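Trainee: I have a structure open and would like to learn how to read it. Where do we start?

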Amino acid sequence: ASGANGTLSPGDLANAQALFDTADMILLQLEIPLNTVNYVAELSVQKGRKVILNPAPAQPLHESLLQNLYLITPNENEAELLTGIAVTDIVSANQAALALKGKGVQNVIITMGAAGAYVLSPEFTGMVETPKVTAVDTTAAGDTFNGALAVFISEGKMIKDAVRFACKAASVSVTRIGAQASIPKREEVMF
């Protein structure tokens, strides 16, 4: 169900609370109203579910939301908006990741395009490189990355392996035109 303007509201989701009981984790982005994102994150944590947030499109976020996140996956621009730190290399990515961790996020992955992704977690801290490809359309790269990441983490894989899988999936998607049509099948990504 959706609200009068066609977007989900916390009231709409209150009727779907049973779905949270069957989920291993919740993957969110910011194309829905921020109050709905906050509500879902709070409810997910109350039910013991991990919350991954892809903070796109970029906007300031309250620390109460950040404290409910198992993982956040900003790109360089989103990380800068959230921390005030310009992300240009591994050192600045680490600084931005530490700032987000200081605001309560448990794990941080800053996606850095063709360079890969910087990871800050108790399991692994460092850069995970992306396979080198010739990009033709980056439309679905972020969504592909986050979906692949959530799949591997929900399967109990280590974060570094999940990021490697997500980087590979995103690198395959940028070699194809379109959004949904560019998302690879699992067998195309396995390493």
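Mentor: We will go through helix packing, then a helix and its surroundings, then two single residues. Keep in mind that this is a predicted model.

Trainee: How are two packed helices described?

Mentor: By the angle between their axes and the distance between the axes. Try helix α5, residues 76-83, and helix α6, residues 90-102. They pack at an angle of about 50°, with their axes 10 Å apart.

Trainee: Which word describes how α5 and α6 lie to each other?

Mentor: Angles from 35 to 65 degrees fall outside the parallel and perpendicular classes, so α5 and α6 are oblique to each other. The crossing of α5 past α6 is left-handed.

Trainee: Which residues meet there?

Mentor: Ala79, Leu82 and Thr83 come from α5, and they meet Ala96, Ala99 and Leu100 of α6. By class, that contact has five nonpolar residues, one polar and no charged ones.

Trainee: Now α7 and α8. What are their angle and axis distance?

Mentor: The angle is about 150°, and the axes are 8 Å apart. Over 145 degrees counts as roughly antiparallel, so α7 is roughly antiparallel to α8. Here the crossing is right-handed. Residues of α7 in the contact include Phe145, Leu149 and Phe152; those of α8 include Val163, Phe165 and Cys167. By class, the contact has 13 nonpolar, two polar and one charged residues.

Trainee: How far does α7 reach?

Mentor: Helix α7 covers residues 141-154, which is 14 residues. From first C-alpha to last it reaches 20 Å, close to the 20 Å expected at 1.5 Å a residue. After α7 comes Gly156, with a positive phi near 85°.

Trainee: How do I think about the sides of a helix?

Mentor: An α-helix has 3.6 residues a turn, so residues three or four places apart point the same way. Now look at α7. Its buried residues include Ala141, Thr144, Phe145, Ala148, Leu149 and Phe152.

Trainee: What covers the buried residues of α7?

Mentor: The cover includes β1, β2, β3, β4, β5 and α8.

Trainee: Take Thr111. Is this residue buried or exposed?

Mentor: Buried means under 20% relative accessible area. Thr111 has 17% relative accessibility, so it counts as buried. Thr111 lies in strand β4, residues 107-111. Among the residues Thr111 touches are Pro74, Gly116 and Phe145.

Trainee: Last one: which peptide bond is cis?

Mentor: The bond from Ala56 to Pro57, with omega near -5°. Pro57 sits in the loop between β2 and α4.

Note on methods:
Residues numbered from 1 in each chain as written. Predicted model: local features only at pLDDT ≥ 70, side-chain atom pairs only at ≥ 80, totals over all residues. Heavy atoms only, no water. Helix = DSSP H or I, 4+ residues; strand = E, 2+ residues; numbered from the N terminus. Buried < 20%, exposed > 50% of the residue type's maximum accessible area, 1.4 Å probe, protein only. Contact = heavy atoms within 4.5 Å. Axes fitted to C-alpha atoms, helices over the stretch in contact; angles between N-to-C directions. Parallel < 35°, antiparallel > 145°, perpendicular 65-115°, else oblique. Left-handed = near helix turned anticlockwise from the far one by under 90°. Nonpolar A, V, L, I, M, F, W, Y, C, P; charged D, E, K, R; others polar. Expected span 1.5 Å × (residues − 1).
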